[in-house]
Amino acid sequence: WRTTDTQIEDSYAIGIYLQNENRDFVTNFDSPPRDGLLLTNSLPTNYRLEDIRTITLPTAPGDYQLYVAVYRQSDQIRLPLNDSGDTMALIGTIHAE
């Protein structure tokens with residue numbers, strides 16, 4: 001993720017979500033970057049941010065879709081992805097046995 005040339009004024013959180021074959025969300029992890037140690041409104045402009053997230057996979061075998069989203073903490077509104085209107089990005093599929 002990279003900030004633009006405009007200073008961020010709000011605090012945002014990053015969420016990762018795991019969805020089962022029935023499209024039910026079965027687990028998630030949400031927090032500001034770096035487990036809350038880095039607030040988005042304190043980031044400099046044109047800053048590249050990397051973050052590592054860990055979730056526990058469900059015990060039920062199957063295929064799970066992994067999504068990521070960024071949302072404003074004050075009102076929980078997710079940021080749109082480009083011009084698509086989508087608010088969650090599909091990262092990939094995880095197969096649990």
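A strand here is a DSSP run of E with at least two residues, numbered from the N terminus. Keep that numbering in mind for the tour. The model is predicted.

**Stop 1: the sheet.** Select the four strands. They form an open sheet in the order 2-1-3-4, and the pairing is antiparallel. Now colour strand 2 (25-31) and strand 4. Both stand at the edges with a single partner strand each, so one side of each has no neighbour in the sheet. Look along the sheet next. On average, neighbouring strands are turned by 20 degrees against each other, direction ignored.

**Stop 2: strands 1 and 3.** Hide the edge strands. Strand 1 and strand 3 pair in the antiparallel sense, over eight bridges. Pick G15 for a closer look. Its bridge partner in strand 3 is A69.

**Stop 3: the largest pocket.** Stay on A69. This residue also belongs to the lining of the largest pocket. Show the pocket: its volume is about 590 Å³. Select the lining, which holds 26 residues. Then label W1, I14, A69, V70 and L79, the lining residues that lie nearest the pocket centre.

**Stop 4: what the sheet supplies.** Bring the hidden strands back. Which strand gives the most to the lining of the largest pocket? Strand 3 does, with four residues. Strand 1 (12-19), strand 3 (62-72) and strand 4 (89-96) each supply at least two residues of this lining.

**Stop 5: lining by class.** Colour the lining residues by type. There are 15 nonpolar residues, seven polar and four charged.

How values were computed:
Residues numbered from 1 in each chain as written. Predicted model: local features only at pLDDT ≥ 70, side-chain atom pairs only at ≥ 80, totals over all residues. Heavy atoms only, no water. 1 Å grid on protein atoms, 1.4 Å probe; cavity = no way out; pocket = protein on both sides within 12 Å on 5 of 7 lines; lining within 4 Å. Points joined across faces, edges and corners; volume = space filled by probe spheres on them. Nonpolar A, V, L, I, M, F, W, Y, C, P; charged D, E, K, R; others polar. Pairing = 2+ DSSP bridges. Axes fitted to C-alpha atoms, helices over the stretch in contact; angles between N-to-C directions.
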